[in-house]
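Biologist: I would like to learn how to read a model like this one, feature by feature. Could you take me through it?

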Amino acid sequence: MSQDQIPSDSERGTDRESILTGTIPRQAALNIILLSLVAVEPVAAQDNAVCSADNLPSMIEGFFQLTTALGIVGLAIVWQADSLIEMFTIGPEQKKGLKRHKRSAIKSAVVLVVLGPLYTVAGSMMGLPLAQCVDLTPW
């Protein structure tokens, strides 16, 4: 036998590592898929657990209204603070940065206010169970 045909210890180690790195992720992915199929089946069998709970729909509505109100108040505070800081800035780059910050705050508030009603309307049209018993309109 020649020296070329016998793999060295380092080559054998890399072969074992490549086998292990190939089989372990596959086994983990297969286990996750099987577990999710078994674990999701009882949840899917429940018929609208959120709506059948006593106070849960009203708690979800109250939480959404509270977070929307806090988001709007936060927008007003950020807007006023940016306007105040803008009066005392000298450089045009700082003013541009503050205007950019104001725009991003407005975009965030618009998304926050529009998201609930959009889910309520689209969810009821698609027949989502949560949208039938929880009204996410903040007003």
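Modeller: Gladly; we will go from the overall fold to single residues. Keep in mind that this is a predicted model.

Biologist: Let's begin with the fold. How many helices and strands are there in the protein?

Modeller: A good first step is to list the elements in order. Here there are five helices and zero strands, so from the N terminus on the elements read α-α-α-α-α.

Biologist: And what share of the residues is buried?

Modeller: Burial is judged by relative accessible area, with under 20% counting as buried. Of the 139 residues in the protein, 14% are buried. The exposed surface comes to about 10,800 Å², and carbon and sulfur atoms supply 67% of that area.

Biologist: What do the contacts say about residues that are far apart in sequence?

Modeller: Take the contacts between residues at least 6 apart in sequence: 48% of them join residues at least 24 apart. One pair to look at on screen is Phe64 and Asp135, which are 71 residues apart in sequence but 9.3 Å apart in space, C-alpha to C-alpha.

Biologist: How do I check the length of a helix, say helix 3?

Modeller: Compare an expected span with the one in the model. Helix 3 covers residues 56-88, which is 33 residues; at 1.5 Å a residue it should span 48 Å, and its end C-alpha atoms are indeed 48 Å apart.

Biologist: Which residues of helix 3 are buried?

Modeller: They are Pro57, Phe64, Thr68, Leu75, Asp82 and Glu86. Two of these are good practice for the cut-off of 20%. Phe64 has a relative accessible area of 16%, so it is classed as buried. Glu86 is buried too, with a value of 15%.

Biologist: Glu86 carries a charge. Which residues does Glu86 touch, leaving out those up to four places away in sequence?

Modeller: Glu86 touches Lys95, Leu98, Lys99 and Lys102. As a general idea, side chains of opposite charge can pair when their charged atoms come close. In this model, Lys102 forms a salt bridge with Glu86, and the closest N and O atoms are 3.1 Å apart. Lys102 lies in helix 4 and Glu86 in helix 3, so the pair ties together parts that are 16 residues apart in sequence.

Biologist: How many salt bridges does the count come to, and are Lys102 and Glu86 buried or exposed?

Modeller: The count comes to one salt bridge. Both Lys102 and Glu86 are buried.

Biologist: Now the surface. Which residues make the nonpolar patch?

Modeller: For a patch, look for nonpolar side chains that are accessible and lie close to one another. Trp79, Ile106, Val110, Val114 and Leu118 make a nonpolar surface patch of about 430 Å². Helix 4, residues 92-126, gives the most to it, with four residues. Ile106 lies in helix 4, and with a relative accessible area of 37% Ile106 is partly exposed.

Biologist: Which residues does UniProt list as "transmembrane region"?

Modeller: An unreviewed UniProt entry lists residues 63-88 and 109-131 under that name. A record can be set beside the coordinates. Residues 63-88 are 100% helix and 0% strand, with end C-alpha atoms 38 Å apart. Residues 109-131 are 91% helix and 0% strand, and there the end C-alpha atoms lie 22 Å apart.

Note on methods: Residues are numbered from 1 along each chain as its sequence is written. This is a predicted model: local features need pLDDT of at least 70, side-chain atom pairs count only at pLDDT 80 or more; totals for chains, interfaces and linings use all residues. Side-chain values use heavy atoms; hydrogens and water are left out. Patches are made of residues with over 30% relative accessible area and no salt bridge: like charges are joined within 9 Å, nonpolar side chains (Val, Leu, Ile, Met, Phe, Trp, Tyr) within 5 Å. Accessible areas come from the Shrake-Rupley method with a 1.4 Å probe; for residues, only the protein chains shown count as cover. A salt bridge is a side-chain nitrogen of Lys or Arg within 4 Å of a carboxyl oxygen of Asp or Glu. Helices (H or I, at least four residues) and strands (E, at least two) are DSSP runs, numbered from the N terminus. Buried means under 20% relative accessible area, exposed over 50%, partly exposed in between (1.4 Å probe, protein chains only). The expected span of a helix is 1.5 Å times one less than its number of residues. Contact means heavy atoms within 4.5 Å. UniProt positions are given in the numbering used here, feature names are shortened, and annotations may be inferred rather than shown by experiment.
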